[in-house]
Amino acid sequence: MNTYDINSNKSILESLVEKALLDTVKWIHNKCSPQEPDYIAALSTKFIKDFFNILVAAFPDYDFSVSGVYCHQKPIVDIGLDKKPELGDILFVYVDRRGGGEKILNSLLLQAKISDHPSLRVHKNEKHQLELYRRWPEFKYCRAGF
């Protein structure tokens, strides 16, 4: 998949992805009174399936896969500040299989924040997380769990 193909389908992709995100939010709200981990779990299960189906419909001639990795609260990294941030909440991975068996991989790591307001003000106790994503300094893994 290349930039031209994506940009040629931009309006339909934006519309379908927005609908899939809203459907995911409604879906998790029907199951529980969601908190941040619930939204992340829904993104890594329900949304990723919808996103894959959107891409298949928009790009039927491509051979690819997508996956979502729930990584809420782990791993924790040391970036040299007093408080150590979590690396992220969800990792989206895209694999494009090209002719001859070549694989092109890409990923997107996201940190989720919940807010009732359209703009989010970062609280003092989360500045370390903002520093990680704003500057992306070198870091050391501190805790990754099993």
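In which strand is the place of D96? In this predicted model, D96 sits in strand β3. This strand covers residues 90–97. The description below starts with the sheet that holds β3, then turns to the core, the salt bridges and helix α4.

The sheet is open and has 3 strands. Their order is β1-β3-β4, and the pairing is antiparallel. Strands β1 (63–70) and β4 (103–110) form the edges. Each of these two pairs on one side only. From one strand to the next, the twist averages 15°.

Strands β3 and β4 are joined by 8 bridges, in the antiparallel sense. Two residue pairs illustrate the register. F92 faces L108 of β4. D96 faces I104, also in β4. The two strands form a hairpin with 5 residues between them. In this hairpin, G100 adopts a positive phi, near 80°.

Helix α3 packs on the sheet. The helix comprises residues 36–58 and lies across β1 and β3. Its direction is at about 175° to that of β1.

The largest nonpolar core contains 15 residues. Within this core, L43, L55, F59, F64 and F92 touch the most other members. Four elements each supply at least two of the core residues: α2 (10–31), α3, β1 and β3. The largest share comes from α3, with 6 residues. In soluble globular proteins, nonpolar side chains tend to be buried together.

L55 shows how such a core residue is surrounded. Beyond its neighbours within four places in sequence, L55 contacts L13, F64 and V66. One of these partners, F64, is itself among the core residues that touch the most other members.

D96 has a different kind of setting. Its relative accessible area is 2%, so D96 counts as buried, the limit being under 20%. Apart from neighbours within four places in sequence, D96 is in contact with M1, Y62, D63, F64, E102, K103 and I104. I104 in this list is also the residue opposite D96 in β4.

The side chain of D96 also takes part in a salt bridge. Its partner is R98, with an N to O distance of 3.5 Å. R98 is partly exposed, at 39% relative accessible area, whereas D96 is buried. Side chains of opposite charge can pair when their charged atoms come close.

In total, the structure holds 6 salt bridges. Another of them joins R97 and D63, at 3.1 Å from N to O. This pair links distant parts of the chain. R97 belongs to strand β3 and D63 to strand β1, and 34 residues separate them. R97 has a relative accessible area of 30% and is partly exposed. D63 is also partly exposed, at 40%.

A further salt bridge connects R135 and E131, at 3.2 Å from N to O. Both residues lie in helix α4. They are 4 residues apart, about one turn of the helix. R135 counts as exposed, with 54% relative accessibility. E131 reaches 25% and counts as partly exposed.

Helix α4 spans residues 127–135. Which of its residues are buried? They are H128, Q129 and L132. Seen down the axis of α4, these buried residues fall within an arc of 105°, so they line one face of the helix. They pack against β2 (76–78). R134 and R135 are exposed on the other side of α4. R135 is thus both an exposed residue of the helix and a member of the salt bridge with E131. W136 follows α4 and has a positive phi, near 45°.

Strand β3 recurs throughout this account. β3 pairs with β4 and is crossed by α3. The strand supplies residues to the largest nonpolar core. R97, in β3, is bridged to D63 in β1. D96, also in β3, is buried and forms a salt bridge with R98.

Definitions and conventions
Residues numbered from 1 in each chain as written. Predicted model: local features only at pLDDT ≥ 70, side-chain atom pairs only at ≥ 80, totals over all residues. Heavy atoms only, no water. Pairing = 2+ DSSP bridges. Axes fitted to C-alpha atoms, helices over the stretch in contact; angles between N-to-C directions. Contact = heavy atoms within 4.5 Å. Buried < 20%, exposed > 50% of the residue type's maximum accessible area, 1.4 Å probe, protein only. Arc of directions from axis to C-beta. Salt bridge = Lys/Arg side-chain N within 4 Å of Asp/Glu carboxyl O. Core = buried A, V, L, I, M, F, W, Y, C linked by side-chain atoms within 4.5 Å.
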